[in-house]
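Take a look at the model below. We will begin with its pockets, then step back to the whole chain, and end with two single residues.

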Amino acid sequence: LSAFSVFAGISTFADLLALRFGNRLPIRGIRGIGRVGSVLFGMPFHNYTGVLIGASVIPVWNNRIRSLPREFGMSGVQSAVGLLELAGEAGHPALNCLGLLSAGVESWEGIDLLRTSDRALVPAKKGVSGALVQAAGVLSGPLPIVLRIASFFLRKKKRLRCLAAWSGILGSLCLRHGWLYAGHVSSRDWKTPLQIAGQSSDRSA
């Protein structure tokens, strides 16, 4: 984290120098070093939230300890892609490829969640928390994929990619709020950690 902060500061400093002295070769070199360092040292933190909540004693989170980091990481990638596209880069093919890749991973994670039968996952499938998580799966997965693939064949390419960007951003918001709420619901179900048979206390239903 310290290294990321240092390289991000170098990149910002280079941008300030470019405003004052122009975009000269030495300044471009400094900026390049700062950006490369920021990417290399910042990448391990893109799924940080998923790692933190997965490595907890909350049943619904702990059950997905391996998939939550991927899901949160790809959700973050999709949000970043969407924000860049809405900022005017909707025609960039590399961003569209990243959007398709992240949406594909999100779709797989959603399918894996639905096909996994475990009592601890009830809050992620039912009630308000479940509705948010499942809505996130649709908004971050299949819907952006359809819109982005359609943009290859239809004339309104940028409009479709902007719609995919909005869908991914909304899906990311639903994902975070849904899993957070699912954790609160799961923490109230004392029977699951003790493996006591009975109804799950999902009060969000």
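This is a predicted model. Its largest pocket has a volume of about 180 Å³. Fifteen residues would be a long list to read out, so to speak, but the centre is a good place to start: of the 15 lining residues, Gly110, Ile111, Gln134, Gly137 and Val138 are the closest to it. Two elements each give two or more residues to this lining, namely α6 (93-115) and α7 (127-140). Helix α6 gives the most, with 7 residues. By class, the lining of the largest pocket holds 8 nonpolar, 4 polar and 3 charged residues.

Now turn to the second largest pocket. About 160 Å³ of space lies in it. Which residues line the second largest pocket? They are Phe4, Ser38, Val39, Gly42 and Met43. Helix α2 (residues 25-42) supplies the largest share of this lining, 3 residues. The lining of the second largest pocket has 3 nonpolar and 2 polar residues, and no charged ones.

Next, the whole protein. How many helices and strands does it have? There are 10 helices and 0 strands. Read from the N terminus, the elements run α-α-α-α-α-α-α-α-α-α. The C-alpha atoms fill a box of roughly 70 × 45 × 20 Å along the principal axes. Of the 205 residues in the protein, 39% are buried. The accessible surface comes to about 11,600 Å². Carbon and sulfur atoms account for 69% of that surface.

Contacts along the chain add to the picture. Take those between residues at least 6 apart in sequence. Of these, 66% join residues at least 24 apart.

Finally, two single residues. Ser67 lies in helix α5 (residues 67-89). Is Ser67 buried or exposed? Its relative accessibility is 5%, so Ser67 counts as buried; the cut-off for buried is under 20%. The side chain of Ser67 also makes a polar contact, at 3.0 Å, with the side chain of Arg64.

Val57 sits in the loop between α3 (48-54) and α4 (59-63). Val57 counts as exposed because its relative accessibility is 75%, and exposed means over 50%. Val57 can also be placed against a residue far along the chain: Ser187 is 130 residues away in sequence. The C-alpha atoms of Val57 and Ser187 are separated by 8.7 Å.

How values were computed. Residues numbered from 1 in each chain as written. Predicted model: local features only at pLDDT ≥ 70, side-chain atom pairs only at ≥ 80, totals over all residues. Heavy atoms only, no water. Helix = DSSP H or I, 4+ residues; strand = E, 2+ residues; numbered from the N terminus. Buried < 20%, exposed > 50% of the residue type's maximum accessible area, 1.4 Å probe, protein only. Polar contact = N/O pair within 3.5 Å; in protein donor to acceptor, adjacent residues only side chain to side chain. 1 Å grid on protein atoms, 1.4 Å probe; cavity = no way out; pocket = protein on both sides within 12 Å on 5 of 7 lines; lining within 4 Å. Points joined across faces, edges and corners; volume = space filled by probe spheres on them. Nonpolar A, V, L, I, M, F, W, Y, C, P; charged D, E, K, R; others polar. Contact = heavy atoms within 4.5 Å. Areas by Shrake-Rupley, 256 points an atom, 1.4 Å probe, with all protein chains shown as cover.
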